[in-house]
Amino acid sequence: MPRSEQKTQLFILCCWLTKLYLPINLVRVDKPTGNVFILAGEENMIEIYPNCK
């Protein structure tokens, strides 16, 4: 489960990506590391670490 800071950052980044008209293809949480991955458009990958601020 993503941490509260990750959820906030995920929401902000998803809003920003859609303003750029990029489709969000995949959002995934990597259970062993706790990282959140976003695949947007054709070649944009964003990784949100558990200790993000």
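## The sheet

In this predicted model, three strands make up an open sheet, arranged in the order 1-2-3 with antiparallel pairing. Strand 1 (24-29) and strand 3 (44-48) lie at the edges, and each of them pairs on one side only. On average, neighbouring strands of the sheet are turned by 15° against each other, direction ignored. Strands of a sheet pair through backbone hydrogen bonds, and the pairing can be parallel or antiparallel.

## Strands 1 and 2

Strand 2 covers residues 36-40 and runs antiparallel to strand 1, to which five bridges join it. Within this pair, V29 stands opposite V36 of strand 2.

## Order of elements

The protein contains one helix and three strands. Read from the N terminus, its elements follow the order α-β-β-β, with the helix ahead of the strands.

## Overall size and packing

The C-alpha trace spans about 30 × 20 × 15 Å along the principal axes of the protein. How does the radius of gyration fit a compact globule of 53 residues? Such a globule would have a value near 10 Å, and the protein has 11 Å, so the two agree.

Of the 53 residues, 23% count as buried, where buried means under 20% relative accessible area. The accessible surface comes to about 4100 Å², and carbon and sulfur atoms account for 59% of this area. Among contacts between residues at least 6 apart in sequence, 31% join residues at least 24 apart.

Conventions:
Residues are numbered from 1 along each chain as its sequence is written. This is a predicted model: local features need pLDDT of at least 70, side-chain atom pairs count only at pLDDT 80 or more; totals for chains, interfaces and linings use all residues. Side-chain values use heavy atoms; hydrogens and water are left out. Two strands pair if DSSP finds at least two bridges between them. Helices (H or I, at least four residues) and strands (E, at least two) are DSSP runs, numbered from the N terminus. Axes are lines fitted to C-alpha atoms, for helices over the stretch in contact, and angles run from 0 to 180 degrees between N-to-C directions. The radius of gyration is taken over C-alpha atoms; the globule rule is 2.2 Å times the number of residues to the power 0.38. Buried means under 20% relative accessible area, exposed over 50%, partly exposed in between (1.4 Å probe, protein chains only). Contact means heavy atoms within 4.5 Å. Accessible areas come from the Shrake-Rupley method with a 1.4 Å probe; for residues, only the protein chains shown count as cover.
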